[in-house]
Amino acid sequence: EQQERTALPTIHASLYFKKEIIIILLCVFNQAVDLVVQLSPALKTKPHVVDFGTVFTDHMLTVEWSVTEGWQAPFIRPLANLSLHPACSSLHYGIQLFEGFKVYRGDDSRLRLFRPMLNMSRMANSAKRACLPAFDQTELLECIRRLVEIDQDWVPRSDSASLYIRPTFISTEPSLGVKRPGRALLYVILCQAGSYFNSEADAISLWADPKYTRAWKGGTGDCKMGGLHNSPQNQVLHQRVQENISKKLIFLLFLIISNNVFLFLIEEELATPPLDGIILPGITRRSILELTRKWGEFKVTERYLTMSQLCSALKQQQVKEMFGSGTACMICPIGHIVYLGEVLQDGSTVSFCLHQILTLPSNDIFPVFCYFF
Ligand SMILES: *Cc1c(COP(=O)(O)O)cnc(C)c1O
């Protein structure tokens, strides 16, 4: 099975081999020095408290690509709607992907991106899987840095709130044939992200139902693509109507599907499922693993955790802490899990492990990985 999974993309690539050569020749991302900047004539007033992802900054970065002309010059311009052909294959066949990372303002007022090259390489990996063209990761990061610099007043003056960066890469191929896109658009938008650190006591609740699968072997569970996120939400909404689950629970579920899950067990073990193609290789996940392994204070394992193991561990009170990790909330403690009509309770309060990890991005724990302005 392992071989089958790795064999698939290879076959795929060889089918496109001739085109691939042409594409690779044209794949040099236009350099950041070619960046064209058109500033917005009127800047928005910055709101105080906003729901995550609803208010965007004044500017956006766009870079167009076509098979005939390659990458165009990157363009920073006032935030505006996109104009898309109604046949474009990102809308019909989901040929698209995204990234998410943050820029923080430290006590020293300097801006720092949290391990951004890891996002660039994950994005390149998703692009390969989606048959979207390759790009120069360093040049893209430099263009993003310029965009953040232009909209830097939007980065909150707080060591916990931040500015969220959302690179998006879509096929703009204007035809219905299922094929490798001949046109694509890479764009980056920015929005404020509030402080999640103060709400660490507010544990979230999860709903698990074996009827639904978000990712499967041989699928795209390890690539950051929209399809990973939309279907469970729809199903949850449907379920909510049917089972009349409380609104709060539903809302919180939306959140956790964009997270990796960790268990801190009573025998001093921090465990999370391994990266086997189904789990998204979260950068927060990776940072937690690297950090806790460096501490050497408890066992840190990547191993399979089945629902029945989790159920019995919870019932036998062997779980000290349970939390999700992801850029949006960093760490969210999990309070309850609704599973097959049963409410499983974590019961523990947020303790040692979480408290230390919560200070992850603001304390320059990863100075070598942080990208300063
Ligand atoms: C983005 C994402 C995560 C978290 O990844 P980070 O790099 O830590 O933000 C986890 N799961 C899914 C499905 C995601 O899309």
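1. Start with the ligand: 14 residues surround it, with Leu280, Gly282, Thr284, Gly326 and Thr327 coming nearest (a residue is near if its C-beta atom, placed from the backbone, lies within 6 Å of the molecule). Keep in mind that this is a predicted model, where local features need pLDDT of at least 70, side-chain atom pairs count only at pLDDT 80 or more, and totals for chains, interfaces and linings use all residues. Numbering runs from 1 along each chain as its sequence is written.

2. Helix 8 (283-295) and strand 14 (319-326) each give at least two residues to that shell, and helix 8 has the largest share, three residues. Helices (H or I, at least four residues) and strands (E, at least two) are DSSP runs, numbered from the N terminus.

3. What about the shell's chemistry by class? Three nonpolar, nine polar and two charged residues (Ala, Val, Leu, Ile, Met, Phe, Trp, Tyr, Cys and Pro count as nonpolar, Asp, Glu, Lys and Arg as charged, the others, Gly among them, as polar).

4. Now the largest nonpolar core, with 37 residues: Leu61, Ile144, Leu147 and Leu163 touch the most other members. A core here is a set of buried Ala, Val, Leu, Ile, Met, Phe, Trp, Tyr and Cys residues joined through C-beta atoms within 7 Å; buried means 20 or more other C-beta atoms within 10 Å of the residue's own, with C-beta atoms placed from the backbone. Strand 9 gives this core its largest share, six residues. Apart from it lies another core of 21 residues, including Phe264 and Met322.

5. Overall, the protein has ten helices and 17 strands, and 31% of its 373 residues are buried.

Note on methods. A residue is buried if 20 or more other C-beta atoms lie within 10 Å of its own, exposed if 12 or fewer, and partly exposed in between; C-beta atoms are placed from the backbone.
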